[in-house]
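This report looks at how a protein surrounds its ligand and at the pocket in which that ligand is placed. Please keep the sequence and the structure in view while reading.

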Amino acid sequence: MRLKGKNMVVTGGASGIGLATVVRSLEEGAHVVIADVAGSDGAAQAARLDGRHGGRCLFVATDVTDTAQVDALMQRTAQELGGVHAVFNNAGIGGLCPAQDYTDEAFLRIIDINLNGVFRVARAALRHMLGQGGGGSIVNCASILGVMGQKQTAAYSAAKGGVVNLTRTLALEGASHGVRVNAVGPGYIDTPLLKDLPPEMRQALVRLHPLGRLGTDTEVANAVVFLASDEASFITGAHLMVDGGYTAGKS
Ligand SMILES: NC(=O)c1ccc[n+]([C@@H]2O[C@H](COP(=O)([O-])OP(=O)(O)OC[C@H]3O[C@@H](n4cnc5c(N)ncnc54)[C@H](O)[C@@H]3O)[C@@H](O)[C@H]2O)c1
């Protein structure tokens, strides 16, 4: 039971990697808050999972672009569960567009969810963790596109690169308070985020992973649970790739 007795907040927890992390965290003994903008999906998942593995599973409707909602999320978690111990900062959106065709609005929307949202959630979590006397673990969702570029992902790769380096700085600031901050860097993972990919593009992506397939949401969730747990007690500021070898080099 890696997360026994810990209260874990998962943003974007209604779907894909977030939902898999909710399930794995509950299996490891945590109480979990699903924070998502997708209200009916989040509420339905929480109702389905609450008590199933012994822990509480609550849903708090949250848009990570809204500071007041993010602050209220941590407040409610602390009130209902008795503290904030771990956070998976996972809410994110995709988007493909050549750089010259981006509107300000489309570019800034991706940055606001995928980078600014991670900061808002981490800041609110830190305030609670420090207010509780310190200690805690924050795991941010970065990407292979946090360490390499890819055509048509100007906003997404800029945001994910920002998440990787934000993670390092938060790790330095959190260290003296016992708060560890790490990131996971998924390769292409078979989730609803990839649902619109044409089959030929999907096959091309498979070939880029030396392990010869896309990843699963649970494979990322396993890494998140490890980083959130005390098993990772000497790990902070890391960006753990969960990418089937994608960033290891050319095979
Ligand atoms: N799927 C992949 O191949 C892949 C690869 C690398 C990184 N990632 C990252 O993993 C994370 C999860 O992606 P996924 O593939 O599970 O996608 P997904 O679309 O299945 O889930 C994303 C969740 O985030 C929620 N969300 C979106 N905007 C939000 C907002 N403003 N506030 C709160 N919640 C919001 C959605 O409602 C959804 O439930 C993202 O940060 C994504 O960038 C995914």
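## Polar contacts with the ligand

A polar contact is here a pair of N or O atoms within 3.5 Å. The model is predicted, and with that cut-off in hand, a polar side-chain atom of aspartate 63 can be placed 3.0 Å from a nitrogen atom of the ligand. Serine 15 has a polar side-chain atom that lies 2.6 Å from an oxygen atom of the ligand, and for tyrosine 156 a polar side-chain atom likewise lies 2.6 Å from an oxygen atom of the ligand.

Taken on its own, the ligand has 830 Å² of accessible area, of which the protein covers 92%.

## The shell around the ligand

Which residues of the shell are the closest to the ligand? Of the 29 residues that surround the ligand, these are Ser15, Asp36, Tyr156, Ile189 and Thr191. By class, the shell is made up of 17 nonpolar, 9 polar and 3 charged residues.

Two helices, H1 (16-27) and H5 (154-175), each contribute at least two residues to this shell.

## The largest pocket

The ligand sits in the largest pocket, and about 1100 Å³ of space lies in that pocket. The pocket is lined by 46 residues, and those closest to its centre are Gly92, Ile93, Gly94, Thr191 and Leu193. The lining divides into 25 nonpolar, 14 polar and 7 charged residues.

Which element gives the most to the lining of the largest pocket? Helix H1 does, with 3 residues, while strand E2 (31-36), helix H4 (104-131), helix H5 and helix H6 (199-207) are among the elements that each supply at least two residues of the lining.

Definitions and conventions:
Residues are numbered from 1 along each chain as its sequence is written. This is a predicted model: local features need pLDDT of at least 70, side-chain atom pairs count only at pLDDT 80 or more; totals for chains, interfaces and linings use all residues. Side-chain values use heavy atoms; hydrogens and water are left out. A residue is near a molecule or strand if one of its heavy atoms lies within 4 Å of it. A polar contact is a pair of N or O atoms within 3.5 Å; within protein, one must be able to donate a hydrogen and the other to accept it, and residues adjacent in sequence count only if both atoms are side-chain atoms. Accessible areas come from the Shrake-Rupley method with a 1.4 Å probe; for residues, only the protein chains shown count as cover. On a 1 Å grid over the protein atoms alone, a cavity is a set of points where a 1.4 Å probe fits but cannot get out, and a pocket is an open set with protein on both sides within 12 Å along at least five of seven lines; lining residues have an atom within 4 Å of a point. A molecule sits in a cavity or pocket if more than half of its atoms lie within 2 Å of its grid points. Helices (H or I, at least four residues) and strands (E, at least two) are DSSP runs, numbered from the N terminus. Ala, Val, Leu, Ile, Met, Phe, Trp, Tyr, Cys and Pro count as nonpolar, Asp, Glu, Lys and Arg as charged, and the others, Gly among them, as polar. Grid points are joined across faces, edges and corners, and a volume is the space filled by probe spheres set on the points.
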